Amino acid sequence: MRRERGALERAVLLALEDSSRRAGGALTVAEVAAALDGDAAYTTVLTTLTRLHDKGALTREPRGRGFAYALAAAPAAVDAARTARQMRRLLEAEGRREDVLARFVAELDPADATRLRRFLSDGAPTGEPAGRDTTAGGPGTS
Amino acid sequence: MRLAVLLALPLVATALLGATAPALDRRLHPASVVRLLPVAGVVGAATSGFSLSVVALVLLGHASDVAAVGHWSVRSLPGPVLPWAWGVPVAVVVTALLLASAGHVARVLVQLWRAELACRDLGGPRSGGVVVVDAPAADAYAIPGVRGRVLVSTGMLAALDPAERRALLAHERSHLAHRHHLWIQAAEVAAVANPLLQALPGLVRAACEREADLDAVRSVRSPQVTARAIARAALARGTRAAPPGLAATGADVPARIETLLAPASRHPRAALAALLAAAVLATLVVSLVSADVTEDSFERARAAAAGVEPHEPPLRSPS
């Protein structure tokens, strides 16, 4: 009951994976809930299945008065898709706010960008180690 | 009087720290700045905050109503340098700073916890693992945690050649290995707790970048490659809008490159680091002594009130 959303999603995915391995095919909400040993309420399982379906992780077909759910792809692919989504979220959303993250480079102002381009074109293009001191006496000390 | 001096010393020391921090930063090795400034800041903020609360306590202790509640003799308290009403604004300032610090600490803990959860979500056994995100935007950062992770986008990898990628990853792993996030957050807390220390977080952040850059140089054995990696990464990322709140804190990229290519411009002084550490320790000791003296004087004032209480001191008419 108290478990986090991610854990329940994983448990549901595992149950469906199990079923597909045993050639059981798609499972209804009640069947998934039963497979979870009553760890989660029917409505919670329904919500989780709907969410996973919305994310594209599951396919469903009408059965009885509701739907039967099955994995949309091989379990490994589902996991990869889920992880990729999480990471994109990390990159795009959390990465902007979180003060605890250590970014490699911060934003540049246009003047600095010009200095960096000059540094790179002076020191880098031939691929040889830049022996010369390319920045000293450059655009001046700001 | 003796108490007044003891109480003033941490305040003076903290003000000095705030004023000299940029000069210290120029003369210390990045590794020393990363560790010493936050420690000095936290000690300075804590001891000066303690001094201010004792000042508030002693001043307010001279109010007859407060003295009645505390059962002490007003005349036996350390001398009234100021009318007791001055204790009110001091107490308000101390309380505000304390609340602000507590709020900040809570926010940081939430952020660190979220980062920890993110790391757990990403799975994998060891710290410093690299997670490549398939995204065109060039970005790279370390997520701190017990099992910290380095996140890098395919857009960022595409902007760099293999040696430069190694430099980038070594730089981010250095942040995790040195737990830079904790030092930075300690400096942030000190700055919130005492506004005199406002310069500290920026200096510590920049020093963290320099230390990680030095580790990257050690890893790829080339300051030039590391400098190029920073320049290319900054250009690849640079066109995007600044995330709110982070813009002012990022280390100055051209300055980092100059430091890498002309490291001789900085002369770390080990003696200065030792001196700073000694000053921090001395401040701590002075503050502990002042706590002791304060406790003693209030105990004496209580004893005076309990023992010889034939006549209450005439009520001074305050305010």
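Helix α9 of chain B, where helices are DSSP runs of H or I with at least four residues, numbered from the N terminus, has 16 residues that at 1.5 Å a residue should span 22 Å, and its end C-alpha atoms are 22 Å apart, which agrees; the expected span is taken as 1.5 Å times one less than the number of residues. The model is predicted, so that local features need pLDDT of at least 70 and side-chain atom pairs count only at pLDDT 80 or more, whereas totals for chains, interfaces and linings use all residues. Residues are numbered from 1 along each chain as its sequence is written, and chains are lettered from A and ligands numbered from 1 in the order in which they are written.

Of the 16 residues of α9(B), 15 are buried, and the helix is thus mostly covered; a residue is buried if 20 or more other C-beta atoms, placed from the backbone, lie within 10 Å of its own, exposed if 12 or fewer, and partly exposed in between. B:Ala231 is found in this helix, which comprises residues 223-238, and counts as buried because it has 27 C-beta neighbours inside 10 Å. Apart from neighbours within four places in sequence, B:Ala231 is in contact with A:Leu116, A:Phe119, A:Leu120 and B:Ile257, a contact being a pair of residues whose C-beta atoms, placed from the backbone, lie within 7 Å.

The largest nonpolar core, a set of buried Ala, Val, Leu, Ile, Met, Phe, Trp, Tyr and Cys residues joined through C-beta atoms within 7 Å, holds 98 residues, of which B:Val204 and B:Ala233 touch the most other members. Helix α2 of chain B (residues 30-61) gives the most to this core, with 14 residues. A second, separate core of 15 residues includes A:Leu27, A:Ala33, A:Leu52 and A:Tyr69.

Helices α1 (residues 2-27) and α8 (residues 200-220) of chain B pack at an angle of about 10°, with their axes 10 Å apart, which makes α1(B) roughly parallel to α8(B). Axes are lines fitted to C-alpha atoms, for helices over the stretch in contact, and angles run from 0 to 180 degrees between N-to-C directions; angles under 35 degrees count as roughly parallel, over 145 as roughly antiparallel, 65 to 115 as roughly perpendicular and the rest as oblique. In this pairing, B:Ala21, B:Pro22 and B:Asp25 of α1(B) meet B:Leu200, B:Leu203 and B:Ala207 of α8(B).

Chain A contains 5 helices and 4 strands, strands being DSSP runs of E with at least two residues, and 28% of its 142 residues count as buried.

How values were computed
Contact = placed C-beta atoms within 7 Å.
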